[in-house]
2 protein chains.
Amino acid sequence: MIAKMVLERVMQVAAHLTNSAVKVAHPFDPLNEAEIAKAVSIVRKEHQELFFNAVTLWEPRKAEMMAWLAAPETAMRPHRVADVVCIGKGSKVYDGVVDLTENKIISWELTDGVQPLISMEDLQIVETVVRKDPKVIEQCGIIGIPPEDMHKVYCDPWTVGYDERFGNKVRLQQALMYYRPHIDDSQYTYPLDFCPIFNADTHEIIHIDIPKVRRPLNTAPPSNYHAAAIQAEGGFRTDLKPISITQPEGVSFKVTGREISWVNWKLHVGFNYREGIVLNNITFTDKGVERPVFWRMSLAEMVVPYGNPEHPHQRKHAFDLGEYGGGYMTNSLALGCDCKGAIHYMDADFVNRAGNPTSIKKAICIHEEDAGILFKHTDFRDDSVTVTRARKLIVSHVFTAANYEYCVYWQFHLDGTIQLEIKLTGILNTYAMNPGEDTLGWGTEVYPGVNAHNHQHLFCLRLDPNVDGPNNTILQVDAERGEGEVGSATNPYGNAFYAKKTKLETPETSKCDYNGSTSRTWDIANESKLNPYSKKPVSYKLVSREVPSLLPREGSLVWKRAGFARHAVHVTKYSDAQIHPAGRHVPQTSGEPSAGLPAWIEEDPKANIVNTDVVLWHTFGLTHFPAPEDYPVMPAEPMTVMLRPRNFFERNPCLDIPPSYSSSPSGKGTVKAADSTSKLV
Amino acid sequence: MIAKMVLERVMQVAAHLTNSAVKVAHPFDPLNEAEIAKAVSIVRKEHQELFFNAVTLWEPRKAEMMAWLAAPETAMRPHRVADVVCIGKGSKVYDGVVDLTENKIISWELTDGVQPLISMEDLQIVETVVRKDPKVIEQCGIIGIPPEDMHKVYCDPWTVGYDERFGNKVRLQQALMYYRPHIDDSQYTYPLDFCPIFNADTHEIIHIDIPKVRRPLNTAPPSNYHAAAIQAEGGFRTDLKPISITQPEGVSFKVTGREISWVNWKLHVGFNYREGIVLNNITFTDKGVERPVFWRMSLAEMVVPYGNPEHPHQRKHAFDLGEYGGGYMTNSLALGCDCKGAIHYMDADFVNRAGNPTSIKKAICIHEEDAGILFKHTDFRDDSVTVTRARKLIVSHVFTAANYEYCVYWQFHLDGTIQLEIKLTGILNTYAMNPGEDTLGWGTEVYPGVNAHNHQHLFCLRLDPNVDGPNNTILQVDAERGEGEVGSATNPYGNAFYAKKTKLETPETSKCDYNGSTSRTWDIANESKLNPYSKKPVSYKLVSREVPSLLPREGSLVWKRAGFARHAVHVTKYSDAQIHPAGRHVPQTSGEPSAGLPAWIEEDPKANIVNTDVVLWHTFGLTHFPAPEDYPVMPAEPMTVMLRPRNFFERNPCLDIPPSYSSSPSGKGTVKAADSTSKLV
């Protein structure tokens with residue numbers, strides 16, 4: 001009955017939203033609200049009793065898309081196709097593909113033994129159930145929370161990760177429990193010591209993990225950071241003068257649909273519920289020629305393993321993208337956008353559980369920023385000088401994974417560099433501790449009674465390169481000493497060094513770890529095209545310096561489930577189906593066998609990955625040992641990965657950027673920009 | 001006679017500049033023009049026939065200075081003292097110390113077998129001499145430059161490094177030779193293949209190194225970047241709209257003399273001819289208490305080894321600070337300052353060769369910059385959010401080392417982090433190559449006929465910590481797996497990990513290399529003071545991720561001369577005399593024995609460095625394999641080192657920064673900054 005009503009409503013929405021939007025969508029565009037409604041209505045015709053987990057763009061196949069881009073007038077325009085995930089009673093999961101151009105279901109499968117990600121709606125349900133559960137109320141009583149205070153009990157529901165006692169036939173969440181003395185108090189100061197397990201199918205608490213040593217409710221005063229709290233303890237500083245950043249003449253980029261052009265860059269900005277921002281068909285115009293650089297680029301997965309060995313903390317290793325969705329958790333920047341200047345926003349459209357389209361307004365922020373010196377040189381003989389100022393284009397979003405915030409900035413520089421910067425902020429995941437309890441080194445007491453456990457943030461960057469075409473080769477590059485000891489004929493002074501390049505030839509031998517002492521980087525090269533001056537292949541270099549080892553041991557649950565994180569680099573032959581390196585459905589995977597990247601490599605370990613269409617999977621991140629200054633809210637910690645053109649251009653590609661000041665030895669041709677003079681104080 | 005005239009002029013200058021400036025100088029202030037003139041006049045009374053290489057502040061001894069700072073009213077004010085280096089005929093070097101408060105020479109020594117750094121004046125002389133030298137004219141003829149074109153011949157004079165054929169009794173420079181078809185053409189496109197050796201004492205060319213294989217003058221067209229050249233090839237882009245950064249209400253920092261206070265930070269900005277910026281007595285006010293953090297911080301040395309083993313390229317390994325002076329080479333930012341907003345400048349005063357005070361106007365730039373998100377958190381339940389914007393205070397200078405530019409930014413963040421960012425720009429050092437010549441992997445043909453050799457930039461950061469007092473301990477910190485295999489009692493799930501801390505106990509055992517796979521960092525801890533919550537010592541953590549190995553081999557010339565670069569970290573017990581880790585006078589040191597850091601460690605290898613006054617020497621940098629996009633001028637390549645408070649504060653120390661937006665679950669106390677809303681486009 002409910003399903004029927006939902007279906008009718010969806011059909012209304014679909015009817016209201018004109019089909020014209022569908023017709024003009026770029027093949028890379030995310031599904032819009034009308035398309036989502038249409039997909040739902042097509043599914044509903046055949047399958048009524050289902051909840052929707054995801055309706056997202058089934059991306060055009062690469063060959064088809066490349067053909068269309070090459071000849072949009074003559075080649076077949078890729079169909080608009082929806083990738084659908086539905087959940088039925090009994091934790092049944094259906095994977096479907098729906099052709100929106102032809103209005104039909106292409107495939108529909110009941111997929112056994114998997115659990116799709118936990119949506120925001122799934123999360124919201126748990127707290128209500130937990131508060132009413134008698135066994136939870138009992139446990140709260142044991143640690144000092146009376147039944148009448150259950151409205152002060154909160155939980156951050158996490159996927160259960162994988163718990164061998166419960167397997168993956170039933171859809172589960174674990175509820176990390178907290179308490180708020182007052183609705184405005186941060187609950188992370190009051191973690192509770194037990195952990196209920198929630199059955200998402202029946203909406204029941206099926207188990208509670210209770211530690212051997214109990215930890216009563218924290219008695220420390222609240223530690224808050226919101227405005228009222230700061231006002232109460234003396235207020236905000238008044239000595240900071242405004243820094244105004246404005247673009248009185250507007251921005252320098254153009255947006256056509258979701259295609260952006262800025263200086264020499266062009267790219268398409270996509271977005272989906274899993275990866276968040278997806279950048280497609282990135283090109284750089286070099287002396288009038290539009291040269292492809294990357295076909296697709298995204299943060300494809302991440303894992304946050306925690307380092308406390310005590311049960312059940314091993315379950316804390318969130319795959320924030322695969323288990324919750326970086327898109328679903330994206331902040332609306334309508335309030336609290338924190339980019340200055342002139343901003344272009346894009347919304348993000350999704351399906352909700354009931355099958356209705358929903359939208360996060362201002363999900364993506366696109367803007368320019370000043371970036372200091374681009375280049376400078378002074379001739380010491382005569383002080384003639386050229387100094388040119390840099391700027392960058394930033395495509396960003398911020399997502400909130402329960403306690404943590406991830407701020408993701410895709411940055412395009414004038415010199416051809418692409419930089420992914422991530423800032424980690426938000427609040428530490430916390431656990432209860434008794435007064436005087438030893439953290440045993442697995443965490444830090446960041447505030448009385450608050451134990452913040454050691455953890456890693458490991459991101460998997462999926463790079464589908466297109467460096468002057470799809471046929472690329474990946475080489476590991478190490479700075480190495482030349483052969484021969486001091487005094488030898490080849491190295492008489494011992495000063496020789498060079499870039500040692502190791503070609504990655506097959507998926508099984510492509511697994512590389514990081515080596516800081518050789519300043520290891522990776523070249524993404526097109527061996528069929530040499531730079532006319534250097535005679536080296538045109539390439540982009542992956543420069544990444546925050547590359548910790550995966551600290552959970554070989555054979556551990558995290559190691560098994562997060563196969564992508566075992567090495568800094570893996571390379572695979574391109575396949576349309578391989579997007580998610582920890583698997584299509586991540587929650588409750590056991591890792592036996594490991595889904596995603598390890599499975600793909602095992603399928604064809606000796607495939608040729610030289611001078612062919614390849615994908616580079618790069619895992620980077622950081623290891624976080626918390627400290628009190630991270631609490632009650634963490635100052636942002638930045639992390640960065642760069643892709644730099646090497647032997648790609650014939651020369652510095654940004655010499656035509658107007659200088660702030662340029663004079664020559666002869667004194668001829670001096671140029672001084674209007675805004676080059678800074679105001680003195 | 002000349003000396004007498006110089007002396008008279010100096011006395012006039014000294015008389016003109018009132019003594020009041022001397023009296024009010026802060027003990028950390030660099031010598032001003034009056035003090036320099038005074039020092040020269042005192043020296044001249046006893047030593048006439050000398051040229052001046054340096055007159056700089058002989059910094060107050062630490063014990064004396066700490067006593068005075070603690071009780072400025074009662075303790076003795078440290079004298080103003082000048083550290084003087086003079087050069088006499090026959091490459092004789094004199095080191096002197098002159099007390100300006102008592103108007104007397106304290107010490108005066110003839111130092112044998114050393115050569116002080118090469119000043120800008122020393123450099124300027126060489127080109128004139130080279131152009132007139134018959135043997136140079138002959139060599140130019142051989143590679144295709146007729147005698148009438150000698151005015152088109154240029155040279156970048158470098159110190160000779162060390163050449164065993166010439167030793168260090170005679171002051172030498174090597175002339176890296178170039179040619180300019182037109183005065184405005186970049187000479188780096190036309191490197192000449194031979195290398196004259198210049199005797200700075202006699203102003204003669206004493207030798208020319210001529211390669212076995214000759215390389216005639218490059219015939220490629222010029223490759224230029226100055227405004228006239230870009231105009232000629234089509235002009236500058238016109239599609240970039242201005243980004244205006246203004247501070248309509250002025251800056252948020254206060255400058256008193258050379259002391260700066262900004263938000264919770266206080267520091268003194270010094271400057272000298274060697275290190276450039278020196279930051280002293282850095283403190284952070286925490287809940288009303290001014291807590292010391294660092295006593296002194298500077299870039300103390302650097303070395304740029306080149307990796308081509310062919311003679312005489314092994315001599316190319318410039319110690320840009322110790323051999324030329326980061327202060328002496330500093331740009332005047334009067335033109336071509338490239339910081340935006342409201343700027344406070346400081347000048348830099350030096351002595352010239354003749355003994356007159358000289359000044360670089362606007363040598364140091366001090367300004368604030370916006371720095372994106374400081375912290376943010378959204379409650380997923382109700383979308384209540386707090387987002388606060390960051391800014392930083394930047395003290396910067398730019399210096400030009402012949403072809404290269406180093407942009408040095410000392411940055412202070414609101415959260416207590418100190419960040420040193422360096423941007424490398426300028427022009428590659430280039431060498432001639434014949435058409436079709438193989439670079440053998442030691443360099444890259446970045447433009448026809450232009451070989452840019454592989455090189456490293458290795459900087460030595462000298463950190464004199466004062467973390468809640470001078471008695472500090474350095475610990476190496478590695479992210480390590482917990483003991484026990486998967487399934488063991490201690491690590492049942494294999495997920496345990498922790499921060500393994502290794503205390504550095506003596507100078508000889510303090511030598512640490514970098515380890516990227518354990519995300520190695522170093523704690524600068526005060527073991528006598530524990531954080532009340534975490535019970536861990538208050539500390540600052542050195543986070544540095546660009547830490548290549550020194551690639552010249554053990555026993556090589558660079559390895560011997562640049563002892564500081566052998567390891568990422570060395571720790572010594574504090575000594576007033578130990579500032580320059582490659583020695584006081586660097587040019588023409590043989591490295592036998594190694595001066596500076598290796599010598600100091602050898603003097604007392606087993607000294608206690610635990611919980612005492614220590615200095616941490618950190619070498620970081622990058623290895624540069626050139627590419628055509630680095631030419632004819634390099635887009636700036638950034639590098640960064642961070643010092644982050646860990647267990648230093650009881651909580652996030654920047655909660656009192658006004659938020660852009662803050663709302664609470666209850667809806668009470670919503671705050672919205674005037675500038676939080678970005679303009680839509």
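Modeller: Before we look at any stretch of chain, one definition is needed: helices, of at least four residues, and strands, of at least two, are DSSP runs numbered from the N terminus. Please also keep in mind that this is a predicted model.

Colleague: What share of residues 116-217 of chain A is helix, and what share is strand?

Modeller: Over residues 116-217 of chain A, 22% of the chain is helix and 25% is strand, while the C-alpha atoms at the two ends are 34 Å apart. The stretch itself comes from a record, since an unreviewed UniProt entry annotates residues 116-217 of chain A as "domain: Copper amine oxidase N3-terminal".

Colleague: How many helices and strands does chain A have?

Modeller: Chain A has ten helices and 34 strands. Its radius of gyration is 27 Å, close to the 26 Å given by the globule rule for 681 residues, so chain A is as compact as a globular protein of that length. Taken along the principal axes, the C-alpha atoms fill a box of roughly 85 × 65 × 60 Å. Of the contacts in chain A with a separation of 6 or more, 67% are between residues 24 or more positions apart.

Colleague: How should I read the word "buried", and what percentage of chain A is made up of buried residues?

Modeller: A residue counts as buried when its relative accessible area is under 20%, and as exposed when that value is over 50%, with partly exposed in between. By that reading, buried residues make up 67% of the 681 residues in chain A. The surface that chain A exposes comes to about 22700 Å², and carbon and sulfur atoms supply 53% of it.

Colleague: Is A:Tyr404 buried or exposed?

Modeller: A:Tyr404 is buried, because its relative accessible area is 2%. This residue is found in strand 19 (residues 404-413) of chain A, and UniProt, in an unreviewed entry, places there the feature "modified residue: 2',4',5'-topaquinone". If neighbours within four places in sequence are left aside, the residues in contact with A:Tyr404 include A:Tyr306, A:Phe399, A:His455, A:His457, A:His624 and A:Met634.

Colleague: For contrast, is B:Glu602 buried or exposed?

Modeller: B:Glu602 counts as exposed, because its relative accessibility is 67%. The residue lies in helix 10 (residues 597-603) of chain B. B:Glu602 and B:Asn280 are 322 residues apart in sequence, and their C-alpha atoms are 28 Å apart in space.

Colleague: In which sense do strand 11 and strand 12 of chain B run, and how many bridges join them?

Modeller: Strand 11 (residues 259-262) and strand 12 of chain B run antiparallel and are joined by four bridges, with B:Ser261 standing opposite B:Lys266. The two strands form a hairpin with two residues between them, and B:Val263, in the turn, has a positive phi of about 50°. On to the next pairing: strand 12 of chain B also pairs in the antiparallel sense with strand 13 (residues 276-286) of chain B, over seven bridges, and here B:Phe271 has B:Ile277 as its bridge partner. A hairpin of three residues makes the connection from strand 12 to strand 13 of chain B. Strand 12 (residues 265-272) of chain B is largely enclosed by the rest of the structure, because seven of its eight residues are buried.

Colleague: Which residue besides glycine has a positive phi in the loop before strand 27 of chain B?

Modeller: B:Ser519 is one such residue, with a positive phi of about 50° although it is not a glycine. B:Ser519 is found in the loop between strand 26 (497-503) and strand 27 of chain B, and at a relative accessible area of 13% it is buried. In chain A, A:His203 has a positive phi of about 60°; this residue lies in the loop between strand 7 (195-199) and strand 8 (204-209) of chain A and counts as partly exposed, at 31% relative accessibility.

Colleague: What is omega for the cis peptide bond that joins B:Tyr631 and B:Pro632?

Modeller: For that cis bond, omega is about 0°, and B:Pro632 lies in the loop between strand 30 (612-624) and strand 31 (634-646) of chain B. The peptide bond from A:His311 to A:Pro312 is also cis, with omega near -5°.

Colleague: By what turn can chain B be laid on chain A?

Modeller: A turn of 180°, with a shift of 0.0 Å along the axis, lays chain B on chain A with an RMSD of 0.0 Å. That is the relation of a two-fold axis. The same surface serves both copies, as 100% of the contact residues of chain B recur in chain A.

Definitions and conventions:
Residues numbered from 1 in each chain as written. Chains lettered and ligands numbered in written order. Predicted model: local features only at pLDDT ≥ 70, side-chain atom pairs only at ≥ 80, totals over all residues. Heavy atoms only, no water. UniProt positions renumbered as here; feature names shortened; annotations may be inferred. Buried < 20%, exposed > 50% of the residue type's maximum accessible area, 1.4 Å probe, protein only. Contact = heavy atoms within 4.5 Å. Pairing = 2+ DSSP bridges. Rg over C-alpha atoms; globule rule 2.2 N^0.38 Å. Areas by Shrake-Rupley, 256 points an atom, 1.4 Å probe, with all protein chains shown as cover. Least-squares fit on C-alpha atoms with pLDDT ≥ 70 in both.
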